[in-house]
Amino acid sequence: MNVMGIDIGGSGIKGAPVDTEAGALVKDRLRIPTPQPSKPDEVAEAVASIVKHFGWNGPVGVTFPGVVKDGVVLTAANVDHSWIGVDAAGLFGGATVLNDADAAGVAEMTFGRGRGERGTVLVLTFGTGIGSALFTDGTLVRNTELGHLELHGKVAEHRAAARVREEHDMSWEKWAERVEEYLKHVEMLFSPSLIVIGGGASKKADRFLPHITLDTPVVPAALQNEAGIIGAALAAAGGS
């Protein structure tokens, strides 16, 4: 079954049709910059342009960087705050809408590094912010938002997101220290059997993961930055 998956991020919106049986993009993804300011109508227009680009008229799944319950946005840390309270599912024409990290996590657990893993698995996406997807024996605990845990009096994603490394021109090794500190904190809280690192940073995992030492195995996401698109499509197909 082919389903359109669209992944809304703080800096970019990506989409493509997905083969939900194989967990693979059917066509090359289209990426467009997230409108600034990232208000609902402008973002909805961008999402519609991606759907139109592919000439799509089937089911659509859309991720959102915040807490989403029953299609309604409850938080918006890395996009315009006017999103809070918006019926995103309605705004996107009846699309299935879910948290972006949850979507990426579902994809990784279904087709990637988390496949077949029991116990507690954490999928963490490092990009504009830090997203989290928590699984226990394969079951998703929705909307965990662990990037908003506090470290040294600051929100964790304000210290360790990939965006922070870029904005402060930090070396990969220096940034890895902050990521390790954050990972040790969530390791202490959840005692996971596996931590999967996704998001934009996963494409360059070899630059920072060798500098991180944890008791828990830490691996880069197999689906890398396509996980959100695939997870969105899975959700729309009834796979999450």
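Biologist: Why is E145 called buried?
Modeller: This is a predicted model, so that goes for everything below. E145 has a relative accessible area of 17%, and the cut-off for buried is under 20%, so E145 counts as buried.

Biologist: Where does E145 sit, and what does it touch?
Modeller: It's in the loop between β11 (139–141) and β12 (150–151). Skipping residues up to four places away in sequence, E145 touches G66, V67, T75, N99 and S132. Take V67: E145 and V67 are 78 residues apart along the chain, yet 7.5 Å apart C-alpha to C-alpha.

Biologist: What makes the E145 and N99 pair a polar contact?
Modeller: The two side chains are joined at 3.2 Å. The limit is an N or O pair within 3.5 Å, one able to donate a hydrogen and the other to accept it, so this pair makes the cut.

Biologist: How do you know whether T20 is buried or exposed?
Modeller: Same kind of check: T20 comes out at 9% relative accessibility, and under 20% means buried, so T20 is buried. T20 belongs to the loop between β2 and β3.

Biologist: Which residues does T20 touch, and what does its side chain reach?
Modeller: Beyond four places in sequence, T20 touches M1, V3, F111, A233, L234 and A237. A polar atom of the T20 side chain lies 2.8 Å from the backbone oxygen of M1.

Biologist: A233 and L234 are in α8, right? What makes α8 mostly covered?
Modeller: Yes, both are among the buried residues of α8. Helix α8 spans residues 227–236, and 10 of its 10 residues are buried; each is therefore under the 20% cut-off. The cover includes β1 (2–8), β2 (12–19), β3 (24–25), β5 (60–64), β8 (96–99) and α3 (100–111). Just after α8, G238 takes a positive phi of about 90°.

Biologist: Which residues touch the most other members of the largest nonpolar core?
Modeller: Of its 51 residues, I6, I13, W83 and F92 do. Another core lies apart from it, with 28 residues, including I130, A156, W172 and A205.

Biologist: What is I6 in contact with?
Modeller: Leaving out neighbours within four places in sequence, the list for I6 includes I13, V47, I50, V51, V60, V62 and A232.

Biologist: How much space lies in the largest pocket, and what lines it?
Modeller: About 790 Å³ lies in it, and 40 residues line it. F126, G127, T128, G200 and N225 lie nearest its centre. The largest share of the lining, four residues, comes from α5. Elements that each supply at least two lining residues include β1, β2, α3 and α8.

Biologist: How does that lining split by class?
Modeller: There are 10 nonpolar, 18 polar and 12 charged residues. Gly is counted as polar, so G200, one of the lining residues, goes in the polar group.

Biologist: Why is G200 called partly exposed?
Modeller: G200 is at 30% relative accessibility. Buried is under 20% and exposed is over 50%, so G200 falls in between and counts as partly exposed. The residue is in the loop between β14 (194–198) and α7 (205–208).

Biologist: What does G200 touch, and how far off is N225?
Modeller: Setting aside neighbours within four places in sequence, G200 is in contact with F126 and N225. G200 and N225 are 25 residues apart in sequence and 5.5 Å apart in space, C-alpha to C-alpha.

Conventions
Residues are numbered from 1 along each chain as its sequence is written. This is a predicted model: local features need pLDDT of at least 70, side-chain atom pairs count only at pLDDT 80 or more; totals for chains, interfaces and linings use all residues. Side-chain values use heavy atoms; hydrogens and water are left out. Buried means under 20% relative accessible area, exposed over 50%, partly exposed in between (1.4 Å probe, protein chains only). Contact means heavy atoms within 4.5 Å. On a 1 Å grid over the protein atoms alone, a cavity is a set of points where a 1.4 Å probe fits but cannot get out, and a pocket is an open set with protein on both sides within 12 Å along at least five of seven lines; lining residues have an atom within 4 Å of a point. Grid points are joined across faces, edges and corners, and a volume is the space filled by probe spheres set on the points. A nonpolar core is a set of buried Ala, Val, Leu, Ile, Met, Phe, Trp, Tyr and Cys residues joined through side-chain atoms within 4.5 Å.
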